[in-house]
Amino acid sequence: MIPALLAQIGLPLLIKAVGAGLDAIDNPLAKSAAKGLRDVEAAVGQGVVGADQLAEANRHTEALVRAELAHDSTVVRAVNQTIRVEVASDDAFVRRWRPSFGYAMALTWVLMMGAIAAAIVMTPQQAPAIIAALVNTSPIWGVALAVLGISVVKRSGDKRRDS
């Protein structure tokens, strides 16, 4: 009973979600793919695609997800090994790049926010354009702050293990 239930939920739900997402894209290729997925959804609903076929598709999808997770685990292990080598290094710069990066980020953030505040105070008529330009820096700051966050969390973990 459970495999039949999973067969009715897994792939059909995925088909419906992906189809709806593709249908929202204003592109002929996306619309065509969405129509194809609607046709598959209708075939599943009418029983043209059997429960055993859906179960096999779900097993295949699960195998792909497991392979992707195994790959991600390998990548994370490699990154962690790199960080461990950095921490154990006798080279002061290699050991200190994370704190140095943190201080550089803090200094850059303060300078940028100070410059933006001064520009808005000195030229208030340009405030909307300045704020809009600041929004455009979000991807850059997002990546930099994510790297800083990972560094801080990792270093905190290193200190707990060293204690």
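Start with a pocket: Val79, Asn80, Ile83, Glu86, Trp97, Arg98, Val147, Ile150, Ser151, Val153 and Lys154 line the second largest pocket. Try finding those residues in the structure above, and keep in mind that you're looking at a predicted model. The space in this pocket comes to about 180 Å³. Which helices build its walls? At least two lining residues come from each of α3, α4 (92-122) and α6 (138-162). Helix α6 gives the largest share of the lining, with 5 residues. What about the chemistry of the lining? It splits into 6 nonpolar, 2 polar and 3 charged residues. Trp97 and Lys154 are among the residues that line the pocket, and you can sort them yourself: Trp counts as nonpolar, while Lys counts as charged.

Now zoom out to the whole chain. The protein chain has 6 helices and 0 strands. Follow the sequence along and you get the pattern α-α-α-α-α-α. How much of the chain is buried? Of its 163 residues, 17% count as buried; the cut-off here is a relative accessible area under 20%. As for the surface, the chain exposes about 11,800 Å², and 70% of that comes from carbon and sulfur atoms. Then there's the question of who touches whom. Take the contacts in the chain with a separation of 6 or more: 52% of them are between residues 24 or more positions apart.

Next, let's look at charged side chains that pair up. How many salt bridges does the structure hold? There are 4. One of them joins the side chains of Arg38 and Asp23, with 3.5 Å from N to O. This pair ties together distant parts of the chain: Arg38 sits in helix α2 (residues 28-45), Asp23 sits in helix α1 (residues 2-23), and the two are 15 residues apart. Are these partners buried or exposed? Arg38 has a relative accessible area of 41%, so it is partly exposed. Asp23 has 32%, so it is partly exposed too.

Another salt bridge stays inside one helix. Asp39 pairs with Lys35, and their closest N and O atoms are 3.0 Å apart. Both residues lie in helix α2, 4 residues apart, which is about one turn of the helix. If you click on them, you'll be looking at two partly exposed residues: Asp39 has a relative accessible area of 43%, and Lys35 has 46%.

Helix α3 (residues 51-88) has a pair like this as well, with Glu56 and Arg59 lying 3 residues apart, about one turn of the helix. Their side chains form a salt bridge with an N to O distance of 3.0 Å. Glu56 counts as partly exposed because its relative accessibility is 45%. Arg59, at 48%, is partly exposed. There's also a small web to find: salt bridges that share partners join Asp23, Lys31 and Arg38 into one network.

Let's finish with two single residues. Where is Ala24? Look in the loop between α1 and α2. Ala24 has a relative accessible area of 67%, so it counts as exposed, the cut-off for that being over 50%. Ala24 and Ala34 are 10 residues apart along the chain, and their C-alpha atoms are separated by 9.0 Å.

The other residue is Ile120, which you'll find in helix α4. With a relative accessible area of 25%, Ile120 is partly exposed. Which residues does Ile120 touch, leaving out those up to four places away in sequence? The answer is Ala127, Ile130 and Ile131. Take Ile130 from that set: Ile120 and Ile130 are 10 residues apart in sequence, and from C-alpha to C-alpha they are 7.3 Å apart in space.

Conventions: Residues numbered from 1 in each chain as written. Predicted model: local features only at pLDDT ≥ 70, side-chain atom pairs only at ≥ 80, totals over all residues. Heavy atoms only, no water. Buried < 20%, exposed > 50% of the residue type's maximum accessible area, 1.4 Å probe, protein only. 1 Å grid on protein atoms, 1.4 Å probe; cavity = no way out; pocket = protein on both sides within 12 Å on 5 of 7 lines; lining within 4 Å. Points joined across faces, edges and corners; volume = space filled by probe spheres on them. Contact = heavy atoms within 4.5 Å. Areas by Shrake-Rupley, 256 points an atom, 1.4 Å probe, with all protein chains shown as cover.
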